[in-house]
Amino acid sequence: KHNIEPRNPESYFSLKKDPYKNKTRTDFVKERRRVKREYDEFKVRINGLPDSIRRRSDAYNAREEIKAMRILREAPRSGDEAMEVVKIPKATWMADGTHWPGTWEEASDNHKRGDHAGIIQVMLKPAADVCEYGDNEEEKLMDLTDVDTRLPMLVYVSREKRSSYDHNKKAGAMNALVRSSAIMSNGPFMLNLDCDHYIYNSNAIREGICFMMDRGGDRICYIQFPQRFEGVDPSDRYANHNTVFFDVNMRALDGLMGPVYVGTGCLFRRVAVYGFDPPRYKDSHPGCCSCCLPGSSSKKKRKRKAAAEDEEESRALQMGDSDEEEDHMINITFPKKFGNSGLLCESIPKAEFAGRPLADHPAIKNGRKPGALLLPREPLDAPTVAEAISVISCWYEDKTEWGDRVGWIYGSVTEDVVTGYRMHNRGWKSVYCVPKNVDAFRGTAPINLTDRLHQVLRWATGSVEIFFSRNNALLASSKMKFLQRVAYLNVGIYPFTSIFLLVYCFLPALSLFSGQFIVKSLNLMFLLYLLIITITLCGLALLEIKWSGIELEEWWRNEQFWLIGGTSAHFAAVIQGFLKIFAGIEISFTLTSKSGGDDIDDEFADLHVVKWSSLMIPPIVIIFVNIIAIAVGCSRTFYSTIPEWTKLLGGVFFSFWVLAHLYPFAKGLMGRRGKTPTIVYVWAGLVAIIISLLWVAIKPPGGQEPQTFTFP
């Protein structure tokens, strides 16, 4: 009614700007206060539910025990027979008298987290009408005349879980949602949001659908929106906003086949998720598949056969073949690929047709006539819900292509990147949609150093898995453009740059320890080369900043965390990948200690929490090695008969350059008010002692000969 943005009440009522600005209706002030009061009351009720449910359940369980005892007493028994102890299974009771087995403290078998049947709860039926506001005459104070009060269907889904079954984590959950929603609503487009994200701009979805329904939009598989975060510290110490990636890299990819899928804030075309090829691709790219070339191997022939089957299915689906051919697809072809649910297979052609652009122009091919979708929706009855429950069972995906060529792809920590890669590999395009002025979605990000490193470790581990899998961009089909292939190749390669990065971080220290500069001499050619490289890098940075509109400080924060993550999480991911692939050993980096963060009134208290992790070892070693090297280099130069200031200045400059990049990491180790874990000092002292002993062994005092070590 009042065009409120954002629609999320918690976010809206927390805004610090004037809520009455640009509001012209006279009843806005009164209605805003009313809704604010009701929302606060609603939060109190929700927060009190755990306690009220427990008290209600205890009362109901006690009543059931009394009933059972009464029945047992009234039952006939012999005189010497002792009365049995009554054990009534505990249950959790709702206010309407419904209940489920087990309590919050003691879950029952087959009905607990990780071990339960599929659950579907229809909260709102399709296009539910809310005609009036309030339950009685006194509450009907809000005028909703000429306001569309219809609410969309709202369904809670929890797929079946069994302890002995591999559920494929997020990818498996997404595929279960795709199947159940196909049976219950079958919208041609699907919005994917993580649980910590919410819609900040209610018009963002419309903007994404405009791309899909535009001329040529039927070849777009998804619309990726940038991720924006709340709750990040003002200085963005660990580059949580990731602005260089979302405002530079992703915009650049939009000029190719489109941005990569980042796991959230993405609007999908349902048919593209089903693994079909884009329409009209074969007509515009004849003989495009490299596996169709003469002399291809048997593996390529199998790949060619699968690709041919997919193209045939896609072409038949998009051309609207005869009823006999459509029946053949639904009854014979689709069950092998999508499972044996008849309703699911029947929904696929309907979703494809509903997602076509409107044929209101002669240039639009494969369009649909205006008004073709103005058909009454089939009622959501009990058999339909039962079918939706069956497709979220554990066994449904067996002997199907779900997770392999259909839906979200299994087998990788970064299933989002792999899923987007498979779509681009089929010839689909994606679009990067950045709404002007207002963010589309907002979420939360880890502001703690260790949590951030573990997040980066998970991403990097997934990239290493991609590099050593069949999803490596080097093996992509010719449907993918060359530069898009290079972009995906970079996704799998970037963790390996940590090896060279570690070497570069130790080179200045090695120069100061040895007394020899990185190059033989600081001659004119080297200085000129260094100047050209520096100016080029600065120019590229300025171009990125000016083109994308990000701030210089944001760019510098990204550069700092690139070094922090590269020397810790990326290097650990490479080690993990090699051990897993070549030795079959899986290792994990876990949190071991925690300190700080005791101020609950501080919004950014988690920023000062120090959780020790083995990922911190390489950056700590780099920091102390460079600090000790600077001290060693300065002492040698100061007390030298012929001081070589140029070598000292060169080495100190590059060491300080490394330390400047690691400054946020060092600041994070200090916690709040310098509360540093003891383990940090232990590691620092150990590293300093080892380096000092090595230095004494290599350069003994008093002109003595260096020690030699003989190994048997």
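What is the order of the 3 strands in the open sheet with mixed pairing? With this predicted model open in your viewer, you can trace the answer: the strands run in the order 8-13-10.

**Stop one: the open sheet.** Select residues 197-199 for strand 8 and residues 229-230 for strand 10; these are the edge strands, and each pairs on one side only. Next, add strand 13, residues 441-444, which pairs with strand 10 in the parallel sense over 2 bridges. To see the register, show E230, which stands opposite T444 in strand 13.

**Stop two: strand 9.** Now move to residues 220-224. Here 5 of the 5 residues are buried, so strand 9 is largely enclosed by the rest of the structure. Bring in strand 12, residues 429-432: this strand runs parallel to strand 9, and 4 bridges join the two. Look for Y222 opposite S430. Then colour strand 11, residues 266-269, which is antiparallel to strand 9 and joined to it by 3 bridges. Q224 faces C266 there.

**Stop three: the annotated pair.** Finally, select K170 and D194, which an unreviewed UniProt entry lists under "binding site". They are spread over 25 residues of sequence yet cluster in space, with a largest C-alpha distance of 9.9 Å. K170 sits in helix 3, residues 169-184, while D194 lies in the loop between strand 7 (189-192) and strand 8. K170 is partly exposed, at 27% relative accessibility, and D194 is partly exposed too, at 26%.

Show the side chains next: those of D194 and K170 make a polar contact at 3.1 Å. Beyond its sequence neighbours within four places, K170 also contacts G263 and E415, and on the same basis the contacts of D194 include G263 and T264.

Definitions and conventions: Residues are numbered from 1 along each chain as its sequence is written. This is a predicted model: local features need pLDDT of at least 70, side-chain atom pairs count only at pLDDT 80 or more; totals for chains, interfaces and linings use all residues. Side-chain values use heavy atoms; hydrogens and water are left out. Two strands pair if DSSP finds at least two bridges between them. Helices (H or I, at least four residues) and strands (E, at least two) are DSSP runs, numbered from the N terminus. Buried means under 20% relative accessible area, exposed over 50%, partly exposed in between (1.4 Å probe, protein chains only). UniProt positions are given in the numbering used here, feature names are shortened, and annotations may be inferred rather than shown by experiment. Contact means heavy atoms within 4.5 Å. A polar contact is a pair of N or O atoms within 3.5 Å; within protein, one must be able to donate a hydrogen and the other to accept it, and residues adjacent in sequence count only if both atoms are side-chain atoms.
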